[in-house]
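Let's take a walk through this structure together. Have the sequence and the 3D view open side by side, and rotate the model as each part comes up.

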Amino acid sequence: MKEITRINHLGLRVKDLNASRAFYEKLGFIFIAGPVGPEPVAIMEHPSGVNINFILNADAKCIENILMDAPKKYTGYTHVALEVTSAASALESIKELDITITGEVEFEGAKFFFIRDPDNNVIEFHQPVSN
């Protein structure tokens with residue numbers, strides 16, 4: 001479909017706006033608005049243009065990421081991959097923020113590593129071969 005120009009935002013269901021906001025602010029996201037609307041939703045955006053809508057209705061008792069941690073493999077979005085200019089530099093920044101690295105991979109020249117947010121959503125930092 002030629003009318004699609006880019007991803008507008010990523011919707012993440014979260015339990016605690018304050019915890020999510022503090023975590024994503026460490027990654028450079030800026031709080032824009034919220035909570036607003038019937039769900040309700042809060043919005044953060046990174047200077048690179050990546051926009052996240054936090055959907056503030058997650059069950060506080062849920063602790064696992066059913067798409068990534070359950071033995072049964074459900075369909076759905078499993079992670080977001082944020083492209084970086086340098087995986088090594090991004091990795092050092094994440095370590096300085098005292099955020100746990102959950103995996104590191106180098107594959108055919110591409111470098112990437114993974115972290116989890118307060119709700120166990122997976123975030124990949126990805127340096128393509130061309131960088």
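Which residues lie nearest the centre of the largest pocket? Keep in mind as you look that this is a predicted model. The residues to find are Gly 11, Leu 12, Arg 13, Tyr 77 and Asn 121, which belong to a lining of 34 residues. The largest pocket has a volume of about 910 Å³.

Now look at the strands around the largest pocket. At least two lining residues come from each of β1 (10-13), β4, β5 and β8 (122-127). The biggest contribution is that of β5, which gives 5 residues to this lining. By character, the lining of the largest pocket is made up of 17 nonpolar, 10 polar and 7 charged residues.

Next, turn to the second largest pocket, which holds about 320 Å³ of space. Its lining has 17 residues, and those nearest the centre are Leu 27, His 46, Leu 82, Val 84 and Phe 125. The strand β5 appears here too, since β5 and the helix α2 (87-96) each supply at least two residues of the lining of this second pocket. This time α2 gives the most, with 4 residues. The lining of the second largest pocket divides into 9 nonpolar, 6 polar and 2 charged residues.

Let's follow β8 a little further. Is this strand mostly covered or mostly open? It is mostly covered, with 5 of its 6 residues buried. The strand β8 has β5 as a parallel partner, and the two are joined over 5 bridges. One place to see this pairing is Ala 81, whose bridge partner in β8 is Glu 124.

The strand β8 also pairs with β7, here in the antiparallel sense and over 6 bridges. To find this pairing on screen, look for Ile 115 and its bridge partner in β8, Ile 123. The two strands β7 and β8 form a hairpin, and 5 residues sit between them. Within that turn, Asn 120 has a positive phi of about 70°.

Finally, let's look at charged side chains. Side chains of opposite charge can pair when their charged atoms come close. How many salt bridges does a search of the whole structure find? It finds 2.

One salt bridge joins Arg 21 and Glu 25, with the closest N and O atoms 2.9 Å apart. Both residues belong to helix α1 (residues 17-26), and because they are 4 residues apart there, about one helical turn separates them. Arg 21 is partly exposed, at 30% relative accessible area, and Glu 25 is also partly exposed, at 36%.

The other salt bridge is between the side chains of Asp 69 and Arg 116, again with 2.9 Å from N to O. Asp 69 lies in the loop between β4 (51-55) and β5 (79-83), while Arg 116 is in strand β7 (residues 110-116), so this pair ties together parts that are 47 residues apart in sequence. Asp 69 counts as partly exposed at 33% relative accessibility, and Arg 116 is partly exposed with a relative accessible area of 22%. With Arg 116 you are back in β7, the strand that forms the hairpin with β8.

Definitions and conventions
Residues are numbered from 1 along each chain as its sequence is written. This is a predicted model: local features need pLDDT of at least 70, side-chain atom pairs count only at pLDDT 80 or more; totals for chains, interfaces and linings use all residues. Side-chain values use heavy atoms; hydrogens and water are left out. A salt bridge is a side-chain nitrogen of Lys or Arg within 4 Å of a carboxyl oxygen of Asp or Glu. Buried means under 20% relative accessible area, exposed over 50%, partly exposed in between (1.4 Å probe, protein chains only). On a 1 Å grid over the protein atoms alone, a cavity is a set of points where a 1.4 Å probe fits but cannot get out, and a pocket is an open set with protein on both sides within 12 Å along at least five of seven lines; lining residues have an atom within 4 Å of a point. Grid points are joined across faces, edges and corners, and a volume is the space filled by probe spheres set on the points. Ala, Val, Leu, Ile, Met, Phe, Trp, Tyr, Cys and Pro count as nonpolar, Asp, Glu, Lys and Arg as charged, and the others, Gly among them, as polar. Two strands pair if DSSP finds at least two bridges between them.
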